[in-house]
Amino acid sequence: MNKKTKLRIALASATLVVAAATGTALASGGSSSGSDSGSERPGTAQNKRGEQDKRQTPAVVEADGANVFPHSLDFDAPSKSFYVGSLKHGTVSAVGTDGKVRTFIDDPQIVSAQAVNIDRERGRVLVSNVDYGTADRSRKDAPFKVAGVGSYDLATGKQNWCVDLTALTLDGKQHLISDVTVAPDGTAYAVDELTPTVFRIDPEGNASVFLRDDLLQGTLDIPDFLDDVGMAAVEYVTGDQLIIAMADGSLVRVPVQHPEDAQKVGLSTPLASPTAGMRLLADGSITAVSSGLLTGKPARIQHVTPADGWKTATVTVTDTVTDPVTSDVTEGPGRTTYALSGGLADLLAGKPNDGFTLTPVRTG
């Protein structure tokens with residue numbers, strides 16, 4: 001069975017699981033189903049606790065970006081805008097709290113825009129370049145052969161640089177740059193979900209391999225789709241270290257000055273698998289979201305509280321989002337936290353949708 005056939009089988013299987021578990025037709029959209037019938041959007045129920053609570057709780061943002069299919073997002077407080085990448089178009093869009101969507105970055109070098117990171121100190125947006133084989137610009141017969149990071153001016157959306165990370169490996173393997181984080185000195189660190197590789201990129205766009213370690217080798221298999229899925233998200237944290245979330249629910253701590261000393265974080269309980277996205281909170285703890293794509297169960301929002309400089313951490317579930325394919329969390333206005341449901345069930349099924357949803361969630 002060739003990779004293209006396996007990809008189609010896996011996408012069909014995944015969407016059937018979601019449809020069976022949620023009891024909705026995928027044609028109506030994972031993040032927008034039931035709007036005409038009066039049924040609630042993902043995560044809406046937990047926010048309706050009477051009129052008084054509803055006034056105090058941030059509103060769900062129903063974004064009108066048809067067929068954007070974002071996987072990740074970040075929030076820019078001064079402009080009060082969310083920035084989301086499009087797996088379908090390879091663009092980055094700005095989203096207002098009113099749900100209005102406008103294309104902000106449209107770079108032909110970006111096949112699919114996955115990770116989005118706002119670096120306001122340097123006035124730029126970092127975007128990871130991937131290829132699931134489902135985008136307008138995809139090589140449909142050769143998915144996961146694109147791996148890169150681009151830097152774009154936060155004021156204009158113009159490219160500063162766009163680096164091809166496969167040029168550093170030349171290994172012929174599949175790659176997927178799932179996330180990127182920025183250290184205080186402007187160095188970016190990008191993680192590869194399909195190989196145990198962390199890349200380092202300086203502010204000028206010069207890239208190198210920062211770490212290759214078997215500890216970062218993926219162990220999660222998605223039947224008939226991908227094997228050995230590994231690093232899903234990364235955050236730079238206090239103590240000059242990276243915290244990397246593995247798809248299997250474990251966390252790895254990497255000291256930036258001594259990456260060879262990388263080790264697993266001792267967790268009170270593993271994060272639900274597959275882990276999809278993280279957000280660093282003001283107190284140094286982390287909120288993580290775990291997708292229910294393969295189980296059809298609601299996505300879980302989890303709070304990770306560190307101890308001993310991130311040698312250990314306590315994990316608690318703080319909220320859920322009805323849409324199983326919720327894939328990321330970010331800060332919102334007033335330091336709220338929003339979870340992204342990007343309509344990925346429709347994308348995987350090869351069907352259009354009319355937008356995506358940002359749901360306010362509890363972090364503790």
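Begin by selecting Y189 together with D179, V180, T181, A183, V198, F199, R200, F210, V234, L242 and V256, the residues that Y189 touches when those up to four places away in sequence are not counted. Contact here means heavy atoms within 4.5 Å.

The coordinates are those of a predicted model, in which local features need pLDDT of at least 70 and side-chain atom pairs count only at pLDDT 80 or more, whereas totals for chains, interfaces and linings use all residues. Residues are numbered from 1 along each chain as its sequence is written, and side-chain values use heavy atoms, with hydrogens and water left out.

**Stop 1: Y189 and its surroundings**

Display strand β11 (residues 188-192), in which Y189 lies. Helices (H or I, at least four residues) and strands (E, at least two) are DSSP runs, numbered from the N terminus. Y189 has a relative accessible area of 3% and is therefore buried; the term buried means under 20% relative accessible area, with exposed over 50% and partly exposed in between (1.4 Å probe, protein chains only). Next add Y236: its C-alpha is 8.5 Å from that of Y189, although the two are 47 residues apart in sequence.

**Stop 2: Aromatic pairs**

Show the rings of Phe, Tyr and Trp (its six-membered ring), which pair if their centres lie within 6.5 Å; planes under 30 degrees apart count as stacked, over 60 as edge-to-face and the rest as tilted. By this rule there are 5 aromatic pairs. Select F82 and Y338: the ring centres are 5.3 Å apart and the planes stand at 65°, so this pair is edge-to-face. F82 belongs to strand β3 and Y338 to strand β26 (residues 337-341), so the pair ties together parts 256 residues apart in sequence. F82 and Y338 are both buried.

Return to Y189 and select F210 with it: they form an edge-to-face aromatic pair, at 5.0 Å centre to centre and with 70° between the planes. This pair links distant parts of the chain, with Y189 in strand β11 and F210 in strand β13 (residues 207-212), 21 residues apart. Y189 and F210 are both buried. Then add F75 to F82 and Y338, since ring pairs link F75, F82 and Y338 into a cluster.

**Stop 3: Strand β4 and its neighbours**

Select residues 91-96, strand β4, where 6 of the 6 residues are buried. Both faces of β4 are covered: T91, S93 and V95 lie on one side, V92, A94 and G96 on the other, and all are buried.

Add strand β3 (residues 81-85), which pairs with β4 in the antiparallel sense over 5 bridges; two strands pair if DSSP finds at least two bridges between them. S81 has G96 of β4 as its bridge partner. β3 and β4 make a hairpin with 5 residues between them, and in its turn G90 has a positive phi of about 75°.

On the other pairing, show strand β5 (residues 101-106), joined to β4 by 5 bridges and running antiparallel to it. Here T103 of β5 stands opposite S93. In the hairpin of β4 and β5, 4 residues lie between the strands, and G99 takes a positive phi near 85°.

**Stop 4: Cavity and pocket**

Two kinds of space are found on a 1 Å grid over the protein atoms alone: a cavity is a set of points where a 1.4 Å probe fits but cannot get out, and a pocket is an open set with protein on both sides within 12 Å along at least five of seven lines; lining residues have an atom within 4 Å of a point. Grid points are joined across faces, edges and corners, and a volume is the space filled by probe spheres set on the points.

A search of the whole structure finds 1 cavity of 30 Å³ or more. The largest cavity has a volume of about 550 Å³. Select H71, Y132, I222, F225 and L293, the closest to its centre of the 30 lining residues. Elements giving two or more residues to this lining are α1 (3-22), β14 (220-222), β15 (226-229), β21 (275-280) and α4 (344-349). The lining of the largest cavity has 21 nonpolar, 8 polar and 1 charged residues, where Ala, Val, Leu, Ile, Met, Phe, Trp, Tyr, Cys and Pro count as nonpolar, Asp, Glu, Lys and Arg as charged, and the others, Gly among them, as polar.

The largest pocket holds about 1,000 Å³ of space. Among its 41 lining residues, D74, N117, I118, E235 and L280 lie nearest its centre. The lining of the largest pocket divides into 21 nonpolar, 8 polar and 12 charged residues.

**Final view: the whole chain**

Colour the chain by secondary structure to see 4 helices and 27 strands. Of its 364 residues, 56% are buried.
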